[in-house]
Amino acid sequence: MTSIDVQDLTKEYGTTRAVDRLTFSVGPGRVTGFLGPNGAGKSTTMRLALGLDRPTSGTALIGGRPYATYGEPLRVVGALLDPQAAHGARTAHAHLAALAAGNRIPRRRVDEVLEQTGIAAVARRRVKTFSLGMRQRLGIAAALLGDPEVVMLDEPSNGLDPEGIIWIRELMRDLARAGRTVLVSSHLMNETATFADHLVVLGRGRLLADTPMPDFIAAHTARRAHVRTTDPGRLRAALTRAGHQVAVADDGRCTVDGATAAEVGALAAADGIPVLELADEQASLEQAYLALTANEAEFAATPLQEARP
Amino acid sequence: MSTTAVLHSEWIKIRSLRGSFGSLLAVFAATLAVTVLAFATIGQAEAEDSEDLLLGAFYALNFGQIAALAFGATAVSCEFLNGALRVSLSAVPRRGLFYAAKIAVVGGCAFVVGTLTTFAAFLAGQAFMGSYALGLGDPGAVRACFGGGVYLALMALFAAGLTAVLRSAVAVLSILVPFLLIVSFVIGDVAGSAADFLPDRAGQQVLRQHAVGSLGPWAGLAVTALWTAAAVLAGWWAVRRRDA
């Protein structure tokens with residue numbers, strides 16, 4: 001099994017510290033979402049893991065070895081960093097054929113990944129005629145070329161249409177189910193929530209979280225339950241006695257902060273209060289993420305200074 | 001990591017890029033076209049007061065070498081567009097192997113096409129020369145044809161190395177082309193000076209029947225080879241050191 005192990009990794013560009021003493025591992029068999037605001041160091045970390053940039057200190061190993069020590073690395077790691085990387089004057093087929101040749105990947109794999117990513121029909125067209133979505137698919141085709149154990153994708157759904165986004169989500173989940181290590185960076189929370197099992201969250205180059213996604217959401221959002229009853233007054237009294245904050249809307253719907261549906265249901269049953277609807281609030285990854293990174297966003301808008309007369 | 005596999009990969013990259021492959025073919029096409037045009041029209045008239053008939057036979061190489069520079073520059077510059085180098089280096093992370101394979105393929109292609117070009121241009125041009133015609137049996141002719149192929153390969157590699165340093169074909173060509181067209185013509189006539197050691201002047205000694213100035217034919221080509229080696233090594237240093 002092949003994992004990505006980042007140990008005490010630091011990268012400085014001049015005086016800017018893009019990655020700051022980062023330590024985490026990405027394990028096989030699950031999709032790991034790599035989150036953080038723009039400039040948090042996600043792409044830099046991926047480049048360091050691929051041996052493209054030199055770390056200032058620390059290591060990033062793949063399967064226990066530096067990437068550059070693999071003889072035919074595309075057979076171990078597939079990466080999509082930049083959909084614009086394929087030369088516009090080449091055909092999609094030639095771009096992949098050159099990559100395959102250098103790693104002694106059989107030529108039939110080129111046709112297979114073109115088919116798999118849905119761009120076989122345009123394989124002989126030059127890349128400059130491609131839309132961003134098609135380039136993104138070509139970049140993913142290049143990542144899959146060597147049938148690698150580890151797949152690293154930087155913002156893979158950029159430019160994809162809704163159908164493409166569903167396709168890439170299913171692809172990532174399939175790869176993980178097949179036991180591969182999948183690391184996917186994104187700054188789109190709602191989308192990441194649809195495919196990630198585990199999260200690694202960065203802010204200003206530092207590790208903010210490295211947890212399973214449900215735990216992350218639970219840890220960074222307040223619990224809250226919604227309940228509708230025929231007798232809001234009695235329910236409110238019962239909940240207040242139990243120490244919960246209750247807000248009652250005009251239509252009799254109550255919002256209970258700091259309580260789960262199970263607790264509210266038990267209290268209502270004990271007092272014999274009829275309940276019509278009862279549910280936990282579904283906290284989103286976005287809420288959890290924003291709560292965590294509120295202080296970390298490098299480019300957070302700052303209030304304008306008042307103009308002096 | 002297999003060297004032949006990486007060479008194969010670099011060959012696919014050159015073959016599949018119209019700009020590079022076109023420039024490579026243009027080395028042959030431009031040289032031969034200019035040779036036929038010039039020799040069919042003014043060849044014999046020029047020959048009367050030619051200082052070196054053998055050098056004259058390779059007049060069109062002045063155009064062919066521009067194509068060779070363009071070939072070397074575009075074959076390398078395609079790696080510096082957007083994130084192309086990252087894709088290439090993630091496929092071949094040993095940078096020395098990657099760079100050496102690219103230089104070998106660029107040099108090899110330029111040498112094969114260059115040698116075909118010099119022999120073809122020599123034979124085609126001399127067919128129009130009547131009583132002034134030289135043959136491959138004349139002294140220095142085979143040496144000049146073969147050396148001319150080497151010279152074209154060295155010019156392509158000179159541009160390739162500089163492109164790896166400057167990361168732009170446009171920058172390299174806008175330095176080298178005016179340099180060859182203007183500077184070398186202007187100060188080049190002062191033979192026996194430092195101008196003899198300019199990369200193009202030195203290398204073109206191999207095209208002469210009788211060497212002029214301080215360098216012989218092979219010594220001149222060796223001076224060009226040193227310029228090329230310096231550019232290629234500078235490119236290697238840049239590729240090895242920099243973040244991709």
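What share of the 244 residues of chain B counts as buried? In this predicted model, the figure comes to 52%. Chain B is helical in its secondary structure, with 10 helices and 0 strands, so reading along the sequence just gives α-α-α-α-α-α-α-α-α-α. As for overall dimensions, the C-alpha atoms of chain B fill a box of roughly 60 × 35 × 30 Å along the principal axes. The radius of gyration of chain B is 18 Å, which agrees with the value near 18 Å that a compact globule of 244 residues would have. Contacts within chain B reach well along the sequence, too: taking those with a separation of 6 or more, 76% are between residues 24 or more positions apart.

Next comes the interface with chain A. The size of an interface is often given as the accessible area lost when the parts come together. For chain A and chain B, that buried area is about 2500 Å², and carbon and sulfur atoms give 58% of it. On the residue side, chain A puts 32 residues into the contact and chain B puts in 28.

What about polar interactions? Between chain A and chain B, 11 residue pairs are in polar contact, counting pairs with both residues at pLDDT 80 or more. The rule also turns up 1 salt bridge across this interface. That salt bridge links A:Lys11 to B:Asp243, and their closest N and O atoms sit 2.9 Å apart. On chain A, both β1 (4-13) and α2 (92-102) supply at least two residues each to the side that touches chain B. Of these contributions, the largest share is that of α2(A), with 7 residues. Sorted by character, the residues on this side of chain A split into 15 nonpolar, 7 polar and 10 charged.

One residue of chain A deserves its own look, namely A:His87, found in the loop between β5 (77-80) and α2 of chain A. Is A:His87 buried or exposed? A:His87 counts as buried because its relative accessible area is 15%, and the cut-off for buried is under 20%. Which residues does A:His87 touch, leaving aside its neighbours within four places in sequence? From its own chain there is A:Val127, and from across the interface there are B:Leu17, B:Cys78 and B:Leu81.

Methods:
Residues are numbered from 1 along each chain as its sequence is written. Chains are lettered from A and ligands numbered from 1 in the order in which they are written. This is a predicted model: local features need pLDDT of at least 70, side-chain atom pairs count only at pLDDT 80 or more; totals for chains, interfaces and linings use all residues. Side-chain values use heavy atoms; hydrogens and water are left out. Contact means heavy atoms within 4.5 Å. Buried area is the accessible area (1.4 Å probe) that two parts lose on being put together, summed over both. A salt bridge is a side-chain nitrogen of Lys or Arg within 4 Å of a carboxyl oxygen of Asp or Glu. A polar contact is a pair of N or O atoms within 3.5 Å; within protein, one must be able to donate a hydrogen and the other to accept it, and residues adjacent in sequence count only if both atoms are side-chain atoms. Helices (H or I, at least four residues) and strands (E, at least two) are DSSP runs, numbered from the N terminus. Ala, Val, Leu, Ile, Met, Phe, Trp, Tyr, Cys and Pro count as nonpolar, Asp, Glu, Lys and Arg as charged, and the others, Gly among them, as polar. Buried means under 20% relative accessible area, exposed over 50%, partly exposed in between (1.4 Å probe, protein chains only). The radius of gyration is taken over C-alpha atoms; the globule rule is 2.2 Å times the number of residues to the power 0.38.
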